[in-house]
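This report goes through one protein model with its ligand. It starts at the ligand site and then turns to the sheets, the loops and the overall figures.

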Amino acid sequence: MMSIKALAESPNLTSVPPTYTIFPNTSPNDQPQPQPQLQIPIIDLSLLTSSDPDQRSKTITELGKACQDWGFFMVINHGVAERLMSEVLEGCRGFFDLSEEEKLVFKGTHVMDTIRYGTSFNASVEKALYWRDYLKVLVPQHHPHHFHFPNNPSGFSEIALEYLKKTREVVKIILEGISKSLELEGNYIYKTLEVNSGLQIFIANLYPPCPQPELAMGLPPHSDHGLLTLLTQNGIGGLQIQHKGNWVNVNPIPNSFLVNTGDHLEYKSVVHRAVVNKNDTRISLAIANGPALDTVVSPVPKLVESHDSHSSAFAGMKYKDYVQLQQSNNLCDKSILDHHQSHNKNMISTKSLAESSNLTSIPPTHITIPNNDQLAVLEHSQELQIPIIDFSLLISSDPDQRSKTIAELGKACQDWGFFMVINHGVTEKLMSEVIEGCRGFFDLSEEEKVEFKGEHVLDPIRYGTSFNALVEKAFYWRDYLKILSNGKYKSVVHRAIVNNNETRISVGIANGPALEAVVSPASKLVESQSPTFVGMKYKDYMQVQQSNNLCVKSIMDSLRI
Ligand SMILES: O=C(O)CCC(=O)C(=O)O
Ligand SMILES: [Fe+2]
């Protein structure tokens with residue numbers, strides 16, 4: 001892993017390496033227009049706890065309006081000492097200034113590790129890397145005496161602990177105000193979501209100067225999970241929030257907190273991003289405040305009762321599962337909440353959609369953006385005939401024929417990664433029967449099929465639609481029942497297209513290692529050449545692959561060293 005700090009400090013860096021060049025859809029080309037009237041709301045926290053009831057209720061109204069209209073606001077007079085605020089930012093700077101060796105001690109291996117130092121967002125599933133290093137520390141409040149935090153630079157851990165405590169007090173007051181603005185009891189959110197034993201996440205972001213800021217991105221558009229994020233920065237701007245279809249630059253008042261309501265407040269979760277600049281190192285510190293990891297978050301019953309439009313808008317989901325999903329996602333979609341929302345609507349199988357009467361056009365959810373390469377499909381090209389392997393020759397008694405076929409098989413794996421197998425000994429009758437069985441299954445009533453819906457990507461039986469409807473922007477027109485060679489052999493990117501006349505049924509039997517087996521390059525193959533892939537448990541790989549929305553071509557790419 002190359003940290004962005006080390007890269008940015010490399011001598012003579014005048015351009016951004018291609019791996020950091022962002023894609024046009026996330027490009028900051030859509031630069032914010034100066035919009036002086038767009039000033040994000042300022043909430044004076046001291047007025048929320050004022051002894052004057054009029055002032056309190058006026059501020060509660062303002063807070064409610066800020067949540068509703070913006071989802072982002074500045075908080076002043078919050079009672080956290082300026083000195084503590086600058087000390088914690090200095091601590092962050094001190095951490096990033098440690099040597100790479102010292103920082104890499106905190107690298108971690110899993111998205112749910114307590115302490116993680118890293119670069120980009122989730123480098124293992126990203127197409128392009130972001131111009132950002134981070135330190136993330138998960139601080140669950142139900143273990144107040146188990147505070148794990150980097151002990152370097154000295155004093156950082158104590159300052160962070162104090163800062164986290166003070167921000168919790170601010171969060172409590174804001175959540176009280178928000179509860180009241182929703183006409184709920186003051187402690188409603190705090191109590192229902194068990195915030196006192198909730199999870200705080202300490203996220204320090206470092207954005208070093210970038211030689212070509214127009215080509216890179218600090219953090220791509222995303223929304224935060226949890227309830228409230230409190231953000232501070234070292235006086236250098238770079239945060240942009242999406243507001244009424246525009247990107248708005250946020251320039252906070254010094255020593256204020258920038259507060260944003262997260263996905264779990266179900267108020268508004270605001271898409272925001274961080275851009276980078278050419279001259280200054282920017283450090284931001286986000287404290288995400290969420291419910292306890294085991295809390296199931298679902299809409300407040302009272303709000304579902306009174307607002308029809310809110311009814312069943314969101315399914316309940318354990319916060320832990322949500323965090324895991326968000327952290328494993330590659331952020332190529334704006335907000336996980338959107339997916340979560342659509343998933344909760346009754347699943348419509350592709351089959352029933354296709355069979356609905358008068359269907360002449362496909363719904364917008366199923367329109368996949370045409371790929372540029374769509375035109376490059378080669379039809380019946382002579383030289384592009386995928387290899388045919390005669391299985392009977394692989395087990396032939398003639399050693400020459402066997403070794404010739406083995407060589408062909410190896411070549412097929414190396415050049416194509418896909419091949420046809422003939423004379424395999426599986427009877428035609430059995431092959432057509434299994435296809436007929438599948439057709440019969442899909443022809444069952446939706447009720448009968450939905451019994452096999454499953455909940456989790458690793459459930460033994462799953463009937464579903466698309467690939468992973470939970471994380472996809474567009475649904476694929478398909479229903480499904482569904483490293484060893486050190487880079488020498490291929491895993492081939494493939495896709496299925498659809499036609500307008502016939503139902504196509506295919507059966508894939510994926511044959512994998514044991515779920516607990518760690519898949520890594522065969523030791524013999526890495527003697528002569530260094531390993532190209534990191535090892536990963538097959539179970540974890542499957543989980544990532546199945547939870548992923550396939551906008552990354554091949555996860556293999558992400559496991560490349
Ligand atoms: O650096 C910033 O301003 C944004 C940071 C952020 O959005 C995050 O850490 O979630
Ligand atoms: Fe964020």
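A polar contact is here a pair of N or O atoms within 3.5 Å. By that cut-off, the pair formed by a polar side-chain atom of D224 and an oxygen atom of ligand 1 qualifies, because the two atoms lie 3.3 Å apart. The model is a predicted one, and all values below are computed from it.

**The ligand site**

Two further side chains place a polar atom within reach of an oxygen atom of ligand 1 by the same cut-off: Y207 at 2.6 Å and H272 at 3.0 Å. The table lists the three pairs.

| Residue | Ligand 1 atom | Distance |
|---|---|---|
| Y207, polar side-chain atom | oxygen | 2.6 Å |
| D224, polar side-chain atom | oxygen | 3.3 Å |
| H272, polar side-chain atom | oxygen | 3.0 Å |

Taken alone, ligand 1 exposes 290 Å², and the protein buries 95% of that area.

The shell around ligand 1 consists of I203, N205, Y207, L219, H222, D224, L231, L239, H272, R282, S284 and A286. Sorted by class, six of these residues are nonpolar, four are polar and two are charged. Three strands each supply at least two residues of the shell: β5 (199–207), β6 (219–222) and β12 (282–290).

**The four-stranded sheet**

Strand β6 also belongs to an open sheet of four strands, in the order β6-β11-β8-β9, with antiparallel pairing. The edge strands are β6 and β9, each of which pairs on one side only. From one strand to the next, the twist averages 20°.

Within this sheet, β8 (residues 239–243) and β9 (residues 246–249) are joined in the antiparallel sense by four bridges. H243 stands opposite N246 of β9. The hairpin formed by β8 and β9 has two residues between the strands, and K244 takes a positive phi near 50° there.

**The eight-stranded sheet**

Strands β5 and β12 sit in another open sheet, which has eight strands in the order β1-β2-β10-β7-β12-β5-β4-β3 and mixed pairing. The edges are β1 (42–44) and β3 (115–119); each has a single partner strand, so one side of each is left without a neighbour in the sheet. Direction ignored, neighbouring strands of this sheet are turned by 25° against each other on average.

At one end of the order, β1 runs parallel to β2 (residues 72–76), and three bridges join the two strands. I42 has M74 as its bridge partner in β2. In a regular strand, side chains alternate between the two faces of the sheet.

**Loops and backbone features**

Where does the chain contain a cis peptide bond? The bond from N152 to P153 is cis, with omega near 0°. P153 lies in the loop between β4 (133–140) and α6 (156–181).

Two loop residues have a positive phi although neither is a glycine. The phi of E183 is about 60°, and that of N423 is about 50°. E183 is found in the loop between α6 and α7 (188–192), whereas N423 is in the loop between β16 (420–422) and α14 (428–442).

Are these two residues buried or exposed? E183 has a relative accessibility of 65% and therefore counts as exposed, the cut-off being over 50%. N423, at 48%, counts as partly exposed because its value falls between the 20% and 50% limits.

T281 is in the loop between β11 (272–274) and β12. With a relative accessible area of 27%, T281 is partly exposed. T281 and P209 are 72 residues apart in sequence, yet their C-alpha atoms are 5.2 Å apart in space.

**Overall figures**

The secondary structure of the protein comes to 18 helices and 20 strands. The protein has 561 residues, of which 43% count as buried. Its exposed area is about 30500 Å², and carbon and sulfur atoms supply 54% of that.

How values were computed: Residues numbered from 1 in each chain as written. Chains lettered and ligands numbered in written order. Predicted model: local features only at pLDDT ≥ 70, side-chain atom pairs only at ≥ 80, totals over all residues. Heavy atoms only, no water. Near = heavy atom within 4 Å. Polar contact = N/O pair within 3.5 Å; in protein donor to acceptor, adjacent residues only side chain to side chain. Areas by Shrake-Rupley, 256 points an atom, 1.4 Å probe, with all protein chains shown as cover. Nonpolar A, V, L, I, M, F, W, Y, C, P; charged D, E, K, R; others polar. Pairing = 2+ DSSP bridges. Axes fitted to C-alpha atoms, helices over the stretch in contact; angles between N-to-C directions. Buried < 20%, exposed > 50% of the residue type's maximum accessible area, 1.4 Å probe, protein only.
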